[in-house]
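Colleague: I have a few questions on this model. Could you take me through it briefly?

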Amino acid sequence: MNDRRWWLFPPIAWLSVFLALPVAVTASKAFSTAGLEALASPTTWRLVGVSTLVAAVTTVACLLAGYPVAWCISRMPERRRRWVLFLVVLPFWANLLVRTYALMTMLRPFGVLDTWFAAVFGLWHGWLPFMVLPLYNAIEKLPPRLAEAAADLGATPAQVFFKVVVPATMPGIVAGCVLVFIPVLGAFATPEMLGGAQAFMAGSRIQLAFLSGRNPEAGAAMTLVLTAITLLLLWGYRRVHRSEGLL
Amino acid sequence: MSSRSRLSIVAKDVVRVIDGRRILDGVSLEIREGEFFSLLGPSGCGKTTLLRCIAGFDRPDGGTLELDGVDLARVPTHRRDLNMVFQSYALFPHLDVFENVAFGLRLAGSSSIPEKVREALDLVSLAGAERRKPATLSGGEQQRVALARAIVTRPKALLLDEPLGALDLKLRKGLQVELRRIQSMLGMTFLYVTHDQDEALSMSDRIAVMDGGKVRQIGTPDAVYRRPADEFVARFVGAVNIVDREGRRVVVRPESVRLTESSDIVGAVDSVSYFGARSLLRVAVGDATWLVELPGAVGRSVHAGARVALAVDWNEAWPLPEGAS
Ligand SMILES: Nc1ncnc2c1ncn2[C@@H]1O[C@H](COP(=O)(O)OP(=O)(O)OP(=O)(O)O)[C@@H](O)[C@H]1O
Ligand SMILES: [Mg+2]
């Protein structure tokens, strides 16, 4: 037997058990009477819309904050750089719930608790490192002479940034956006704790449907919709950028 | 060499201090329009720093820089009508060859971009590679793209920082000739940085020899080679014998020495290095060592240990100025 094929077995087994099987179970539940009913309900689509919007806003906020942070880190001297990267990752050593409670305490005095702002702020805070790390990775790999070459050929600082730096770090931008967008799309704990009753997103609905045990079919249907949105975005990105030969 | 005498790049007493070290220590140059001017010097002497100051990536701490009579102090990089060719090429990885070359033209809002790009790619013999990405090109090809990208906007002068440094010898020789051809065809001012004296001698109209942040000598290749201003220049630009004669220090190039029947310079051959077309002998005379260059075939017939007599063509010898180091 061919060695190479043998090595393919573990990943295939892993994917079958942890990806294909759950998707199949979810799909079989979703395409039931209760599941299809949920798909036809306007509430489902309103929640999906809200979640998509929140995920998009959070992703953009993470990108806007993460790019300058990643940029500054990449300009630091080697030793300090390692320290700052460590600090960026540090919050992950604390449990998500603990961090969210801490944020609640922080936000309460400002009177913004139980608002959409608090919900998005919490998500932004929680997922920012997932944006910073891939961005840093991409910016750090940028040849140092690239920006100079662009300026030399007549590009203003803004043109250098948008015509050379951004396109050349696009793989990092996309990776960061994917890493933030996908988990935020299905988030429920953080928005519920910080945003209160009004910050009710698709994730909350799914969690409720499954955990209360009353309507897992509806939960499965919504899960599929969220998965489909993610896949659609990835596919769309690939279509646009393959024609430019980026991926 | 061009007979025009208009000046292109002028540096007056340029000083650059980094961490308390004078990286550039009062550099003055006057580069004429259309000239192929080389900066030659050992590693770390400040060549790149000077080029970066001229391009605007770095700022001098003293002195002035001018381009076509205009003081550059207040002109930002993107407004300087100069283009740089980097040793590391610095091609835009997300753009193909065509877009790399078109980059400067698009920023300038230039007309008939496809024609200009094609013309530039023809000039560097890269027609047909328009749609390839830099990552798929060889080092020599990337260097050609970098050159095309720099000349296509027809800047007033081109700054080249060891553009051939990363290439193998054969490719370098070919590109040296090509660079020179392109330069004279366009009549563009080239400021060319190298630490390879053969390259500087064979390509340049004039050479500035630098060391330790200072210019040691400016002159034609012939002047720098045969009439060096000091011992450093003499030793840096090719192999050399420096001997005492009539109380002066005198520069004698190895090719001005030949073997003879009898003379007052007699010694034992230390070693023979054979290079094909020529041979280099090291001859121990007293406690000095003489370098002697001979035609290859002649050198092959001499063996280490042999006793030889040396004849010097003193007309070709050059006394170092008094007081020069
Ligand atoms: N940003 C900097 N910080 C500290 N030192 C620097 C900096 N830039 C240059 N130097 C120092 O200045 C000196 C001259 O550097 P430069 O790069 O101009 O040399 P060079 O003549 O181009 O050498 P090479 O032939 O090796 O490229 C070197 O000793 C270098 O270490
Ligand atoms: Mg250098």
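Colleague: How far apart do the C-alpha centres of domain 1 and domain 2 of chain B lie?

Modeller: Keep in mind that this is a predicted model. The assignment for chain B puts domain 1 at 3–226 and domain 2 at 239–319. Between the C-alpha centres of these two domains, the distance is 38 Å.

Colleague: Take strand β17 of chain B. How many of its 6 residues are buried?

Modeller: The strand covers residues 307–312 of chain B. Buried here means under 20% relative accessible area. By that cut-off β17(B) is mostly covered, and the buried count is 5 of 6.

Colleague: In which sense does β13 of chain B pair with β17(B)?

Modeller: Strand β13 spans residues 257–260 and shares 4 bridges with β17(B). Val257(B) stands opposite Val312(B) of β17(B). The sense of the β13–β17 pairing is antiparallel.

Colleague: And β14 of chain B: which residue in β17(B) is the bridge partner of Val266(B)?

Modeller: Strand β14 runs over residues 265–274. Its pairing with β17(B) is antiparallel, over 4 bridges. Within β17(B), the partner of Val266(B) is Ala309(B).

Colleague: Now ligand 1. Which side chain has an N or O atom 2.4 Å from an oxygen atom of the ligand?

Modeller: Of the 13 residues around ligand 1, those that come nearest are Ser43(B), Gly44(B), Lys47(B), Thr48(B) and Thr49(B). For Gly44(B), a polar backbone atom is 2.7 Å from a ligand oxygen. For Thr48(B), a side-chain N or O atom is 2.6 Å from a ligand oxygen. The side chain at 2.4 Å is that of Ser43(B).

Colleague: How much of the accessible area of ligand 1 does the protein cover?

Modeller: On its own, ligand 1 has 640 Å² of accessible area. The share covered by protein is 61%.

Colleague: Which element gives the largest share of the shell around ligand 1?

Modeller: Two elements of chain B give two or more residues each: β2 (21–32) and α1 (47–55). The largest share is 3 residues, and the element is α1(B).

Colleague: By class, how many charged residues does that shell have?

Modeller: Nonpolar residues number 4. Polar residues number 6. The charged count is 3.

Colleague: On to chain A. What percentage of its residues are buried?

Modeller: Chain A has 12 helices and 0 strands. Its C-alpha trace spans about 65 × 65 × 35 Å along the principal axes. Of its 247 residues, the buried portion is 38%.

Methods
Residues are numbered from 1 along each chain as its sequence is written. Chains are lettered from A and ligands numbered from 1 in the order in which they are written. This is a predicted model: local features need pLDDT of at least 70, side-chain atom pairs count only at pLDDT 80 or more; totals for chains, interfaces and linings use all residues. Side-chain values use heavy atoms; hydrogens and water are left out. A residue is near a molecule or strand if one of its heavy atoms lies within 4 Å of it. A polar contact is a pair of N or O atoms within 3.5 Å; within protein, one must be able to donate a hydrogen and the other to accept it, and residues adjacent in sequence count only if both atoms are side-chain atoms. Accessible areas come from the Shrake-Rupley method with a 1.4 Å probe; for residues, only the protein chains shown count as cover. Ala, Val, Leu, Ile, Met, Phe, Trp, Tyr, Cys and Pro count as nonpolar, Asp, Glu, Lys and Arg as charged, and the others, Gly among them, as polar. Domain bounds come from an automatic or database domain assignment. Buried means under 20% relative accessible area, exposed over 50%, partly exposed in between (1.4 Å probe, protein chains only). Two strands pair if DSSP finds at least two bridges between them.
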